[in-house]
Amino acid sequence: MIDHDALVSDPQSTDHGIKPTVLTFSGSDSAGLAGMQMDIKVQHAFNIHCLSVLTAVTAQNNQQVLAVHAVEQTMFDAQIKAVSAFKPGAIKTGLIAQHAQAKSIIDAKQALGIPFICDPVGAATSGNPLIARGSEDSDGHFTDVLLPHCTLITPNIPEAERLVGFSILSSQDIKNAAKILLDKGASAVLIKGGHGPCAKRFSQDYYCNPTEQFWLESQWIDTQHTRGTGCALASAIASCIALGYCLKDAVVIAKMAITQGLIDAKGLLSNPQGYIKSYMDTHDKDAESYEDTHDKGAENCEDTHAKQSYMDIQNKGAVEENYKDTHDKGAESYEDTHGKGIGNYEDTHDKGAVVIRSFPSAQQSLPSLRDDDGGAGCVEPHPFLTPVGAFPDIGDSPLGLYPIVDRADWLEMLLPLGVTAIQLRIKDLSDRRLEDEISRAVQIARRYSCRLFINDHWQLAIKHRAYGVHLGQEDLIATQSDASNPIQQLRSAGLRLGISTHCHYEVARAHSFKPSYIAYGPVFATSSKDMPWVPQGLTGLDYWQNLLAYPLVAIGGINLERAQAIHALGVSGIAMISEITQADSPLEKTSALLAALRT
């Protein structure tokens, strides 16, 4: 069964003329490609105000980390006190520089009682570590302390490997790692697949909570401009939660945002000669300056590069290793990355950041959501390697008025009026009576050249050669555990498929099947079915109409007046139940609706 409570999103619940906020803990990136700078940009794109608590000041670019200086604890706590004047909707963390900072974050989370999204930053995209390892002030230690308080943790594969202590080489390894993080206390885990075994073919992220697991998959975006993706993803998730979306919706939306952001990403203009000249002038040509600061003056060197920048927040060994790797190896380090030619320089130094400009609104960014059946992943046959075929389309004519009825008699009444699409939803019949009703409905629909969709009963729809089948989310999930492979049987029989959806999470699942149409609702409050989802009105429907390339069917609380407004949005179909079946004169009401939708 679907956990309905986990699906209820209400993005209108925060619309009170007050801008939602996210309490954000992260380091400053001097290149502006990640960290707090990226957090602010992403949250601004989602129309969220970023309450900023700086954890560290870093000197870094798209190649290396030169220095990391933790914010002194008194100043760190003062920042928290300053922003406590506001009421954030979520917490997002990135780089945490000291154990004391982690403790203060936990205190803030417990006091606020709001969702906490943790991006366990241990290294920059360049691969350079941002904090020491093997000490109390290490990424693994911080994360173990924070995990019991995390609503969601979002490690990439290298980060997950550090946290669980083993190499991740397959989809099963990903699932094992996620389970360990859950066992350590996280409420949910999202392991990002950009470094995974399937990279360069498709992107595959794994979501897991104690009761549900799924993969989010999209085509690989071939770009080197990937700086800040981890920061951006976590900030997008936190932003969506602050906007009123549930966690699973937030994860899907954030995945969309990252995909679109990678498509839009651009490089940076590099200046190799200028950089090399500056480096040479300050480190090689001026022997007195260079030696005083790096070799002769131990006091000056240690004060500026170890004691101040690193020793207090990491450990001296890690600093020296990182420092020597980037400064002292000479030809291997300097020439290989800085001086072997402009071509090499541009390849490694013009890398840009992911660019997120707005809430995602394009189908090309929509991932496919595949429920975990124990065998997903690139080490097994995979849909992106053997593409899933699309279901047949509904033809050139829109579905138009789309009544949903429970008996074949309704077809005899309504189809002569000009109804060209109808759904038979029978919940109270079984066995022979059910089959007879479906068989009769198929015959009537064929007589009027009407597109008849059978709700749920796919076997009988195939047997009697109906036009199509409509499945709700629970029935769709049930087909995936059916050894007879109902979806493939429907495809092989040439039937159309319509799928009900109510949120981003469910639209992503529907997208993985490439259906003939997608139904979205409830548009308005409805009494015909007990539904936990919050009606999204014309604004929500318009969003999906513009995003999806699939024909869209609107359903939920629609009457004659609302039908005209919905029709103006350009949807393919307008589904109705009680407005027709409970009308005083169903024939008159249907005729009026048909007339209204012709204008």
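Contact, as used on this tour, means heavy atoms within 4.5 Å. The model is predicted, so local features need pLDDT of at least 70 and side-chain atom pairs count only at pLDDT 80 or more, while totals for chains, interfaces and linings use all residues. Residues are numbered from 1 along each chain as its sequence is written, and side-chain values use heavy atoms, with hydrogens and water left out.

Begin with the whole protein chain, which has 24 helices and 18 strands; helices (H or I, at least four residues) and strands (E, at least two) are DSSP runs, numbered from the N terminus. Of its 599 residues, 54% are buried, where buried means under 20% relative accessible area, exposed over 50%, and partly exposed in between, with a 1.4 Å probe and protein chains only.

Next, select helix H1, residues 35-45, and colour its buried residues, which are Gly35, Met36, Met38, Asp39, Val42, Gln43 and Ala45. Around these buried residues, display strand E1 (21-29), strand E2 (49-60), strand E4 (90-93) and helix H7 (229-242), against which they pack. Just after H1, stop at Asn47, whose phi is positive at about 60°.

Move on to helix H6, residues 171-183, whose 13 residues should span 18 Å at 1.5 Å a residue, and whose end C-alpha atoms, 19 Å apart, agree with this; the expected span is 1.5 Å times one less than the number of residues. Its buried residues are Ser171, Asp173, Ile174, Lys175, Ala177, Ala178, Leu181 and Leu182, and what covers them includes helix H5 (157-164) and strands E6 (152-153), E7 (189-191), E8 (202-208) and E9 (213-219). Just after H6, Gly185 takes a positive phi of about 125°.

Keep H6 in view and add H5: which residues of the two helices meet? Ile157, Leu163 and Val164 in H5 meet Ile174, Ala177, Ile180 and Leu181 in H6. The residues of this contact divide into seven nonpolar, no polar and no charged, with Ala, Val, Leu, Ile, Met, Phe, Trp, Tyr, Cys and Pro counted as nonpolar, Asp, Glu, Lys and Arg as charged, and the others, Gly among them, as polar. The axes of H5 and H6 are 10 Å apart, at an angle of about 55°.

Finally, go to helix H22, residues 560-568, and select Ala565, which is partly exposed, with a relative accessible area of 31%. Add Leu597, which is 32 residues from Ala565 in sequence and 9.7 Å from it in space, C-alpha to C-alpha.

Technical notes
Axes are lines fitted to C-alpha atoms, for helices over the stretch in contact, and angles run from 0 to 180 degrees between N-to-C directions.
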